[in-house]
Amino acid sequence: MSNKDVSVVLAHGAWADGSSWARVITALDAEGITAVAAPLPLTSLADDVAALNRTLDRVEGPIVLAGHAYAGGVIAETRSPRVKALVYVAALAPDEGETVAEMFYRAPPHPFAPKLAPDANGLIWLPESAFASAFAQGARTDDLAVLAAVQRPISPACITVPVGRPLWKDVPSWFLVAEDDRMIAPETQRSMAARMKAAVRSHPVDHTPIVTAPELVADIIREAVSAVAGQIKS
């Protein structure tokens, strides 16, 4: 089996949509690797897992499933037997019984991290200034404008529900640690990756390397794809 026989499904985090993976998708596509972004409604953890499962049903063959930030909690909740590896990109990885919020707030916040609270509709938005100061401080001005314009709010119901047995206990995982992350503390990322026994790739990038360092993200996904392709005989 070759890398081209393995499908990649990408899950976006809070305050983002599938377009945040655009440069990673094109990098993988250039090598003939099919990548599909799962549209998550960010309305509850259960809703997001259901939406992810619908996307998994649409793709063929063995799957490498990648999640950015909040989506780390989502990708570990799927039970699809076709998911053969997980890739965490500056992502949160709660263990069974933990919540995404517990992981997010495990370490003291970065001085530039925004204060977050639900609005009158019960949804959490990222302040527009936070895209440049904490979410993607390495991004170009035009990228920041798009990130702010397409942001999707997240419901507290996504991050306050304890997760089940995470899939990373049953399939191999990779973890890109963002050492310049101002949203999720790098030490939190390293500790989660260690208990997952993930293959760690650490880089001096911000919280959103899928936009600001897409080749590094594509590289770690390729690693996972190659591992899966090598394990599955034609």
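How many bridges join strand β5 to β6? In this predicted model, the number is five, and they link β5, residues 173-178, to a strand that runs parallel to β5. One position along this pairing can be named: A178 stands opposite H203 of β6.

The pair belongs to a wider arrangement. Six strands form an open sheet with parallel pairing, and their order across the sheet is β2-β1-β3-β4-β5-β6. The edges are occupied by β2, residues 35-38, and β6, residues 199-203. Each of these two strands has a single partner, so one side of each is left without a neighbour in the sheet. From one strand to the next, the twist averages 20 degrees.

Helices pack on this sheet. Helix α2, which covers residues 45-58, touches β1 (7-11), β2, β3 (63-68) and β4 (83-89). The direction of α2 makes about 155 degrees with that of β2. Helix α10 also packs on the sheet, where its contacts are with β1, β3, β4, β5 and β6. Between the direction of α10 and that of β5 the angle is about 170 degrees.

Helix α10 has a further partner in helix α1. Two packed helices are described by the angle between their axes and the distance between those axes. For α1 (residues 22-29) and α10 (residues 214-231), the axes come within 9 Å and cross at roughly 55 degrees. The two helices are therefore oblique to each other. The crossing of α1 past α10 is right-handed. On the side of α1, the contact is made by R23, V24, A27 and L28, while α10 contributes P214, E215, V217, A218, I221 and R222. By character, the residues of this contact divide into seven nonpolar and three charged, with no polar ones.

One residue of this contact, R23, may be followed further. Is R23 of helix α1 buried or exposed? The relative accessible area of R23 is 30%, a value between the limits of 20% for buried and 50% for exposed, and R23 is therefore partly exposed. Leaving aside its neighbours within four places in sequence, R23 is in contact with R140, D143, I210, V211 and P214. Of these, P214 is among the residues through which α10 meets α1. Another residue, D142, lies 119 residues from R23 in sequence, and the two are 14 Å apart in space, C-alpha to C-alpha.

Note on methods
Residues numbered from 1 in each chain as written. Predicted model: local features only at pLDDT ≥ 70, side-chain atom pairs only at ≥ 80, totals over all residues. Heavy atoms only, no water. Axes fitted to C-alpha atoms, helices over the stretch in contact; angles between N-to-C directions. Helix = DSSP H or I, 4+ residues; strand = E, 2+ residues; numbered from the N terminus. Parallel < 35°, antiparallel > 145°, perpendicular 65-115°, else oblique. Left-handed = near helix turned anticlockwise from the far one by under 90°. Contact = heavy atoms within 4.5 Å. Nonpolar A, V, L, I, M, F, W, Y, C, P; charged D, E, K, R; others polar. Pairing = 2+ DSSP bridges. Buried < 20%, exposed > 50% of the residue type's maximum accessible area, 1.4 Å probe, protein only.
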